[in-house]
Structure formats: structure tokens, C-alpha cells
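New to this one? Have a look at the sequence and the fold first, and then we'll walk through a few spots together.

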Amino acid sequence: MSDKEGVPAVLFEEQGYLEEFLSQAASEDQAVEDLIFRRMLFAGISFSQLEFSRCRFEGCRFSGFQMPKLYLRDCVLDGCDLSGCQMSDATFRRVRWHSCKLAGTQFFGSLLQDCIFEDCAADYANFSNSS
């Protein structure tokens, strides 16, 4: 079962298990794949070199989220608040950002390849040394 953009419709619903789930994926060097995160709170979560592939984030809050060297591939972020996030030296391939708040988000040194930003507010976002 997939939505119209090809992202599978497997819903991750366990807010209380989110940090442990991401920690396990990071420690095992495993990509987080084929999930939908709806209205999840990622605030305060901090990992390095975590990969998300074919995931969809809907109405999620990432305030204070710190994830250097994050890797997102074939993902959609819709209506998410990423204000003040630290995502330096990250890689974003074929990521669609729709109606997201990106105020003060740090993309310093990141690679953004085939990304689409639609109706996003990106005041004071830092894309220095990004390509």
C-alpha cells in the first residue's frame, strides 16, 4: 500500500518508543525505511549519521533536533516544524519539503540533490557551504 508519491503507508505510532527506535537504528548502522511519522515529536533527539529512506513526515516537530550527517533519501516532509534544527554536513537526495517551518535551521555544509521546497518559511536558515 503506497500513497500517490510512492512512499509506503506503514505508520509508526509509538511516540514513547521513538528515541529508542532511532537509537537502535543508529547503533546498528541501519537505515530507517518505508515509514510514515505523523505528528511525532523529534524535539531534543540527537544522533549522528542516521539514514531515513522512503519515509514521510507529516506534521512532525523537530525543534532542537540535532543530527549532523543526517541522510534523507526519497523522503517527504509535509507541514513539519524544523525551526532551529542542526543538520550540518547532511545529505538530502530527492527530498520534498512542503509547508515546513525552517526558521534558523542549520544546513551548513550539506548536500541537497534534487530537492523541492514548496511554501516553506526559511527565515534565517543557513545553507552556507552547501551544494
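What follows is a quick tour of the sheet, the aromatic rings and two backbone oddities.

Keep in mind that this is a predicted model. Start with the sheet: six strands make it up, it is open, and the order runs 1-3-5-7-9-11 with parallel pairing. Strand 1 (11-12) and strand 11 (116-118) sit at the edges with a single partner strand each, so one side of each has no neighbour in the sheet. For a look at one pairing, take strand 7 (residues 76-78) and strand 9 (residues 96-98), which are parallel and joined by three bridges. There, Val76 faces Arg96 of strand 9.

Now for the rings. The structure has 19 aromatic pairs, and here are two of them:

| Pair | Centre to centre | Angle between planes | Arrangement |
|---|---|---|---|
| Phe37 and Phe57 | 5.1 Å | 10° | stacked |
| Trp97 and Phe107 | 5.7 Å | 85° | edge-to-face |

Phe37 belongs to strand 3 and Phe57 to strand 5 (residues 56-58), so their pair links parts 20 residues apart in sequence. Phe37 is buried at 0% relative accessibility, and Phe57 is buried too, at 2%. In the other pair, Trp97 lies in strand 9 while Phe107 is in the loop between strand 9 and strand 10 (111-113), so parts ten residues apart get tied together. Trp97 is buried at 0%, as is Phe107 at 0%. Phe37 and Phe57 also belong to one aromatic cluster, whose members include Phe12, Tyr17 and Phe65.

Which residues have a positive phi without being glycine? Gln49 is one, at about 60°, in the loop between strand 3 (36-38) and strand 4 (51-53). Asp119 is another, near 55°; it lies in the segment after strand 11 and is exposed at 66% relative accessibility.

How values were computed: Residues are numbered from 1 along each chain as its sequence is written. This is a predicted model: local features need pLDDT of at least 70, side-chain atom pairs count only at pLDDT 80 or more; totals for chains, interfaces and linings use all residues. Side-chain values use heavy atoms; hydrogens and water are left out. Two strands pair if DSSP finds at least two bridges between them. Helices (H or I, at least four residues) and strands (E, at least two) are DSSP runs, numbered from the N terminus. Buried means under 20% relative accessible area, exposed over 50%, partly exposed in between (1.4 Å probe, protein chains only). Rings of Phe, Tyr and Trp (its six-membered ring) pair if their centres lie within 6.5 Å; planes under 30 degrees apart count as stacked, over 60 as edge-to-face and the rest as tilted.
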